[in-house]
Structures are given as structure tokens and as C-alpha cells.
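Q: I'm new to this one and would like a close look at a single part. Could you walk me through it, and then show how it fits with what's around it?

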Amino acid sequence: MAIAPATYFELSQFLYREAALLDARDWTGWGALFTPDGRYWMPAARDQPDPVNHVSLVNDNALLREIRLARLQSSDAASLQGKPNSSHLVSNILVTAVDEPAGRYTLDSRFVVAQFASWGTRTFHGRYTHELAREAGSLRIALKRVDLVDVDGPQGDILTLL
């Protein structure tokens, strides 16, 4: 997909900033990256076509994202005591679709996320699909899809946002 180098740089920097917000546990900052109708989706099966007709590990609209973020900030969640830490590595960023007049971009990338909690470290690997929309001059997330490499296997505790 041919796009201007400056646009590719801006899109890549957006993904890196998102990862930095997650690692800093800046849940408010991360939530603000989404469009009002933005979705955070983690399918429960390989090649899952949609979040509506199939079970998902996560399928958060704005309200559910707000509830998830409030839980992450609460001291009442026993599984989150000790404030789990994470380290997000984002790479292999490809622009797969562009609609410049509408300010819409689809990005495909790979990730590795290390999550540390009091009981140990867990590593997640997979692919991100970001659908970004330019609103009032700023990029925002219309959809973040998280496809885990091991989605067909048992999933333990996912204590942070991937």
C-alpha cells in the first residue's frame, strides 16, 4: 500500500504511543484514543468473522470499555492487587487500506506483550488490526482487533489490556 512516508510515520507513532499508554497504565489516556463508537475486540477463535454472531474473549464498546477501565483503576479487584505491569512490543506495521478523503486507515501489525503479576509473568503474541479514523485532525481508534496466536488453546488470566 503506497502512502506518503510522513503518513506512515504518523500512523506508526500512533501505535507506539498507544503501547506506551498501556505500559504506563494510563487507562484514561488509552480510553481517550477511541472514537465514541470505537470497539476493542479479541476474538475467541481463529479467523472469527465478527463479534456479534460468535463468542469473543473481549468485545467492548464504549460502555464496556469504560467499565473495564474503571475496574483496572479500582483497588477492589483482587486479581489486580499489586498493579500488574506490562511491556508491549509492536512491530511489522503494514498499512492495508487507506481512504485519505475520509481519513480512514487500516493497519496490520504484530505484538508481543509481557504481563507481570504477583504470581509470575505471562507472554501474549499475536496480530493487531487497527482501524483508525481522523477526527478533528487527530487519529482515533475505530476498531482494535487483537488476534492471539494461541487463541485455540486455554487462556489464563489476561490482567492487562493487550
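A: Let's start with Asp147, which is buried in this predicted model: its relative accessibility is 12%, and anything under 20% counts as buried. Its side chain meets that of Arg127 in a salt bridge, at 3.1 Å from N to O. That pair links distant parts of the chain, with Asp147 in strand β6 and Arg127 in strand β5, 20 residues apart.

Arg127 has another partner too. It forms a salt bridge with Asp108, where the closest N and O atoms are 3.7 Å apart. Asp108 lies in strand β4 and Arg127 in β5, so this pair ties together parts that are 19 residues apart in sequence. As for exposure, Asp108 is buried at 12% relative accessibility, while Arg127 is partly exposed at 30%.

Now put those pieces together: Asp108, Arg110, Arg127, Arg145 and Asp147 are linked in a network of salt bridges. The structure holds 10 salt bridges in total. One of them sits elsewhere and joins Arg46 to Asp152, with 2.7 Å between the closest N and O atoms. Arg46 is in the loop between β1 and β2, and Asp152 is in the segment after β6, so that bridge ties together parts 106 residues apart in sequence. Here Arg46 is partly exposed, with a relative accessible area of 44%, and Asp152 counts as exposed at 55%.

Back to the strands we began with, because β4 and β5 also share an aromatic pair, Phe111 and Tyr128. The ring centres are 4.3 Å apart and the planes are at 20°, so the pair is stacked. Phe111 lies in β4 (residues 104-117) and Tyr128 in β5 (residues 120-135), so the contact ties together parts 17 residues apart in sequence. Both rings belong to buried residues: Phe111 has a relative accessible area of 3%, and Tyr128 comes in at 2%. There's a charge to add as well, since the charged end of Lys144 sits over the ring of Tyr128, 4.4 Å from its centre.

Finally, a look at what these strands help cover. Helix α1 (residues 5-23) has 19 residues, and its buried ones include Leu11, Phe14, Leu15 and Leu22. What covers the buried residues of α1 includes β4, β5 and β6, along with α2 and β3. So the three strands that hold Asp108, Arg127 and Asp147 are also among the elements covering that helix.

Terms used:
Residues numbered from 1 in each chain as written. Predicted model: local features only at pLDDT ≥ 70, side-chain atom pairs only at ≥ 80, totals over all residues. Heavy atoms only, no water. Phe/Tyr/Trp six-rings, centres within 6.5 Å; stacked < 30°, edge-to-face > 60°. Helix = DSSP H or I, 4+ residues; strand = E, 2+ residues; numbered from the N terminus. Buried < 20%, exposed > 50% of the residue type's maximum accessible area, 1.4 Å probe, protein only. Lys NZ or Arg CZ within 6 Å of the ring centre and 35° of its normal. Expected span 1.5 Å × (residues − 1). Contact = heavy atoms within 4.5 Å. Salt bridge = Lys/Arg side-chain N within 4 Å of Asp/Glu carboxyl O.
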